[in-house]
Amino acid sequence: MRQGAGTSVNELCEELLNTNPIGSIVTSCDTCNNINRTSIDKLSFNCYRPTHQTNNDDSQATSIKDWIVQNLSPEGTFQGVKCCRKDIQSITTLTKIPRILAFHVSNTDLLPDKNFTLQLKSKQKLNLRGLIYFGDFHFTSRFISKNGDIWFNDRMTTGRECRKEGNIESTNLADLLTCGTHTTTLLIYACG
Ligand SMILES: [Zn+2]
């Protein structure tokens with residue numbers, strides 16, 4: 001990644017992750033009765049820091065798996081979308097399970113799970129394959145190979161080479177939240 005590329009990695013990912021619709025998001029406000037339906041035409045979800053945080057709120061998502069369970073549930077979620085100055089219900093429904101899915105997780109502290117399973121007619125498992133970190137106007141990344149090896153890349157110091165850091169089986173997932181002084185901005189999952 002070019003030094004000083006700023007937030008353009010997010011824009012780049014948005015471009016790369018364009019897709020034919022894989023589902024829809026329906027939001028409804030019971031104050032103004034406004035109902036909005038948008039199709040999901042990106043292979044990425046914006047995760048958000050929950051707006052209400054109480055000390056004993058067990059319903060709070062702490063990992064990507066929790067976030068998916070909450071956000072893809074048929075009842076939907078009341079977090080993330082506002083109308084009439086309050087959080088309104090949004091129901092996300094997938095009609096296709098994509099082979100790649102990314103999550104914008106800046107400032108959420110959501111833990112990356114090693115994998116998760118989505119189910120429509122059949123089950124599909126997606127594995128953590130990449131993490132992109134941001135800090136000091138600079139991006140770094142970790143790539144996870146099929147055998148679980150974690151590879152670190154920083155164009156500025158490693159160039160095209162990657163440095164092996166360990167294996168995901170023996171890594172505490174919380175340790176993946178940061179990379180030096182950088183924090184996770186994007187998690188990438190893929191089938192296989
Ligand atoms: Zn409204």
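These entries record what I looked up in the structure above, which is a predicted model.

**Entry 1. Overall composition**

I began with the secondary structure and found 3 helices and 14 strands in the chain. I then looked up burial: of the 192 residues, 24% count as buried. I also checked how contacts are spread along the sequence. Among those between residues at least 6 apart, 59% join residues at least 24 apart.

**Entry 2. The nonpolar core**

I next asked which residues have the most contacts inside the largest nonpolar core. They are Ile64, Ala102, Phe103, Leu110 and Leu187, in a core of 29 residues. I traced the elements that supply at least two residues each to this core, and these are α2 (64–71), β7, β9 (123–135), β10 (138–144) and β14 (182–191). Of the elements, β9 gives the most, with 6 residues.

I took Ala102 as a case to follow. Setting aside residues up to four places away in sequence, Ala102 touches Cys13, Leu17, Leu43 and Ser44, and also Leu186, Leu187 and Ile188.

**Entry 3. Helix α2**

I listed the buried residues of α2 and obtained Ile64, Trp67 and Ile68. They lie on the same side of α2, because the arc they cover around the axis is only 100°. I then looked up what they face: the buried residues of α2 pack against β7, β8 and β14.

**Entry 4. Pairings of β14**

I followed strand β14 through its partners. Strands β7 and β14 are antiparallel and joined by 5 bridges, and in this pairing Leu101 stands opposite Tyr189. Between β9 and β14 I found 8 bridges, again in the antiparallel sense. Leu126 has Cys191 of β14 as its bridge partner.

Strand β13 (residues 178–179) pairs with β14 over 2 bridges, also antiparallel. There Thr178 is bridged to Thr183. The hairpin of β13 and β14 has 2 residues between the strands, and Gly180 in this hairpin takes a positive phi near 65°.

**Entry 5. A three-stranded open sheet**

I looked up an open sheet of 3 strands and noted the order β2-β1-β6, with antiparallel pairing. Which strands stand at the edges? They are β2 (35–39) and β6 (89–94); each has a single partner strand, so one side of each is left without a neighbour in the sheet. The twist averages 15° from one strand to the next.

For the pairing of β1 (residues 23–28) with β2, I recorded 5 bridges and an antiparallel run. Val26 is opposite Arg37 of β2.

**Entry 6. Positive phi outside glycine**

I searched for residues other than glycine with a positive phi, since most such residues have a negative one. Arg85 has a phi near 60°. Arg85 sits in the loop between β4 (82–83) and β5 (86–87). Is Arg85 buried or exposed? Arg85 counts as exposed, because 6 C-beta neighbours lie inside 10 Å and the limit for an exposed residue is 12 or fewer.

Asn107 is another entry in this search, with a positive phi of about 65°. I located Asn107 in the loop between β7 (100–104) and β8 (115–119). Asn107 is exposed as well, with 12 other C-beta atoms within 10 Å.

**Entry 7. Asn20**

I looked up Asn20 in the loop between α1 (8–16) and β1. Asn20 is exposed, because 8 other C-beta atoms lie within 10 Å. I computed the C-alpha separation of Asn20 and Ser39 as 9.3 Å, with their positions 19 residues apart in the sequence count.

**Entry 8. Arg142**

I closed with Arg142, which lies in strand β10. Arg142 counts as buried, because 23 C-beta neighbours lie inside 10 Å, and the threshold for burial is 20 or more. Leaving aside neighbours within four places in sequence, I listed its contacts as Gly130, Leu131, Ile150, Trp151, Phe152 and Cys179. I also noted the pair Arg142 and Glu165: 23 residues apart along the chain, their C-alpha atoms are separated by 9.1 Å.

Terms used: Residues numbered from 1 in each chain as written. Predicted model: local features only at pLDDT ≥ 70, side-chain atom pairs only at ≥ 80, totals over all residues. Helix = DSSP H or I, 4+ residues; strand = E, 2+ residues; numbered from the N terminus. Core = buried A, V, L, I, M, F, W, Y, C linked by C-beta atoms within 7 Å. Contact = placed C-beta atoms within 7 Å. Arc of directions from axis to C-beta. Pairing = 2+ DSSP bridges. Axes fitted to C-alpha atoms, helices over the stretch in contact; angles between N-to-C directions.
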